[in-house]
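Got a protein model open and not sure where to start? Let's walk through it one question at a time.

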Amino acid sequence: MNIHEFQAKEILRKYNVPVPKGHIATDAGSVKSIVGELGLPVVVKAQIHAGGRGKGGGVKLAKTPGEAEEAFKSIMGMNLVTHQTGPEGKKVHTVLIEEGVDIAKELYIAVALDREKSRPAIMVSEEGGMDIEEVAARSPEKIMKEWIDPALGVMPSQARKLAFFLNLPSEAIRAVTGFIMSLYKAFEGKDCSLAEVNPLVLTGDNKVIALDCKMNFDDNALFRQKDVVACRDLNEEEELEIEASKYDLNYIKLDGNIGCMVNGAGLAMATMDIIKLSGGEPANFLDVGGGASEEQIENAFRIILADKSVRGIFINIFGGILRCDILASGVVKAARKIKVTAPVVIRMEGTNVDEGKHILSESGFNFIVADGMGDGARKVVEAVK
């Protein structure tokens with residue numbers, strides 16, 4: 001789960017991580033009072049779940065109240081296009097106004113899960129304000145990583161080592177060390193998968209402030225993070241993904257035209273790969289889970305067909321907990337309720353596969369039954385073409 005920058009900063013404040021003062025502006029009339037409280041200059045920032053907002057015109061510096069109001073009017077409601085939104089962009093529904101900061105140096109710091117080492121890693125770089133991927137490709141020596149033992153947490157010696165790597169004035173070392181310790185506590189305490197501050201700025205008087213912040217959270221831990229769940233912004237999510245979440249379906253919309261329904265994330269990834277290998281493009285990732293019911297199968301079918309770009313459907317199920325006859329019954333019920341014009345290719349193996357195939361053959365629908373995964377991918381690509 002993702003949240004907005006202003007929400008991430010509220011979390012950081014609770015962990016004593018220094019952030020700029022700021023408020024959400026609800027309309028042009030509120031801008032004047034916010035500027036009056038913060039003083040000038042101020043920064044007016046679009047709040048969307050994507051980076052690169054400044055390059056797209058979503059971040060503006062204002063030196064007068066009039067400039068702040070004009071900046072708000074130009075940003076609120078705009079369709080902001082960045083390298084992370086894609087060409088379709090995202091509409092801005094929320095605007096943050098923050099106090100200006102005296103920036104002497106921009107740094108990068110992040111805590112992220114390193115899945116290869118099965119532990120968190122803290123990364124720092126002097127190249128703040130830039131995409132860390134670009135820095136890693138161009139100047140990997142400018143990035144330092146420290147892996148953290150989750151049983152111990154970040155040690156003061158590790159935080160100091162990272163701080164010294166940043167070539168800071170001696171007066172700032174203690175501040176950055178404390179910042180790293182506090183950021184890690186926030187990462188751990190809120191079950192984050194990522195807590196990224198870019199840039200972390202060093203001010204003219206050697207203070208450090210998180211000028212921007214991005215936080216992602218482990219969905220499996222949200223049951224104990226009610227305040228994080230309350231930050232969910234449905235405006236930032238795909239409509240079909242929201243609908244799928246109501247039925248405990250793992251759905252991600254993609255750009256292709258072949259809808260996929262699979263049980264198991266690994267099989268779903270392999271299914272998308274084999275569709276591409278066969279010359280097609282998957283329209284979605286959809287994992288119905290190992291124990292899906294007929295109702296979930298029906299809703300999964302409906303959600304796939306709600307995507308107007310879908311021209312064919314590949315159902316690839318390995319029957320274990322989810323029996324093949326349950327799958328077949330769910331698909332037939334869905335086909336009876338929903339007008340299905342796209343070809344449907346079904347590959348089933350496992351528990352009650354013969355019963356499942358019998359249900360399909362007796363359904364009266366022209367389903368295409370595949371003999372294997374590769375055969376199914378080839379057949380659906382052929383049918384779409």
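What follows is a chat between a reader and an author about this predicted model.

Reader: Let's start with the big picture. How many helices and strands are there in the protein chain?

Author: The chain runs to 385 residues, and 50% of them count as buried. Its C-alpha trace spans about 75 × 50 × 40 Å along the principal axes. As for the elements, the count for the protein chain is 13 helices and 18 strands.

Reader: Which share of the contacts with a separation of 6 or more comes from residues 24 or more positions apart?

Author: Contact here means heavy atoms within 4.5 Å. Take the contacts in the protein chain with a separation of 6 or more, and ask what part comes from residues 24 or more positions apart: that part is 66%.

Reader: Okay, helices next. Are α9 and α13 parallel or oblique to each other?

Author: Helix α9 covers residues 265–277 and helix α13 covers residues 373–384, and their axes come within 9 Å. The axes cross at roughly 50°. Angles under 35 degrees count as roughly parallel and 65 to 115 as roughly perpendicular, with 145 as the limit for roughly antiparallel. The crossing of α9 and α13 is therefore oblique.

Reader: And how do the residues of the contact of α9 with α13 divide into nonpolar, polar and charged?

Author: The crossing of these two helices is right-handed. On the α9 side the contact is made by L267, A270, T271, I274 and I275, and on the α13 side by M373, G374, A377 and V381. Gly counts as polar in this scheme. Sorted by class, the contact of α9 with α13 has seven nonpolar, two polar and no charged residues.

Reader: What about α2 and α3, at what angle do their axes cross?

Author: Helix α2 spans 28–38, while helix α3 takes in residues 65–75. The crossing is right-handed, and α2 is oblique to α3. The axes come within 9 Å and cross at roughly 140°.

Reader: How many charged residues are in the contact of α2 with α3?

Author: From α2, the contact uses A28, V31 and V35, and from α3 it uses P65, A68, E69, F72 and K73. Glu and Lys are among the types that count as charged. By class there are six nonpolar residues and no polar ones, and the number of charged residues is two.

Reader: Now cysteines. Why is C192 not bonded to the closest cysteine sulfur?

Author: A disulfide needs two cysteine sulfur atoms within 2.5 Å, and the structure holds zero disulfides. C192 counts as buried, at 5% relative accessibility. The closest cysteine sulfur to that of C192 belongs to C213, and it is too far for a bond because the distance is 8.2 Å.

Reader: How far is the nearest cysteine sulfur from C324?

Author: C324 is in no disulfide either, and the nearest cysteine sulfur is that of C260. C324 is buried, with a relative accessible area of 0%. The distance to the sulfur of C260 is 18 Å.

Reader: Which residue does a cis peptide bond join to L40?

Author: The residue in question sits in the loop between α2 (28–38) and β2 (42–46). Omega for this cis bond is about -5°. The partner of L40 is P41.

Reader: There's a cis bond from N198 too. In which strand is P199 found?

Author: The peptide bond from N198 to P199 is cis, with omega near 5°. Strand β10 takes in residues 192–203, whereas P41 is found in a loop. So to place P199 by number, 199 lies within 192–203, which means strand β10.

Reader: Is N16 buried or exposed?

Author: N16 lies in the loop between α1 (5–14) and β1 (22–25). N16 has a positive phi of about 60° although it is not a glycine. Over 50% relative accessible area counts as exposed, and with 65%, N16 is exposed.

Reader: What is the phi of S118?

Author: S118 lies in the loop between β7 (103–114) and β8 (119–125). At 60% relative accessibility, S118 counts as exposed. S118 is not a glycine, yet its phi is positive, at about 55°.

Reader: Last one: how far apart are the C-alpha atoms of E362 and V332?

Author: E362 lies in the loop between α12 (353–361) and β18 (368–369), and it counts as exposed at 58% relative accessibility. E362 and V332 are 30 residues apart along the chain. Their C-alpha atoms are separated by 9.8 Å.

Methods
Residues are numbered from 1 along each chain as its sequence is written. This is a predicted model: local features need pLDDT of at least 70, side-chain atom pairs count only at pLDDT 80 or more; totals for chains, interfaces and linings use all residues. Side-chain values use heavy atoms; hydrogens and water are left out. Axes are lines fitted to C-alpha atoms, for helices over the stretch in contact, and angles run from 0 to 180 degrees between N-to-C directions. Helices (H or I, at least four residues) and strands (E, at least two) are DSSP runs, numbered from the N terminus. A crossing is left-handed if the near helix is turned anticlockwise from the far one by less than a right angle, and right-handed if clockwise. Buried means under 20% relative accessible area, exposed over 50%, partly exposed in between (1.4 Å probe, protein chains only).
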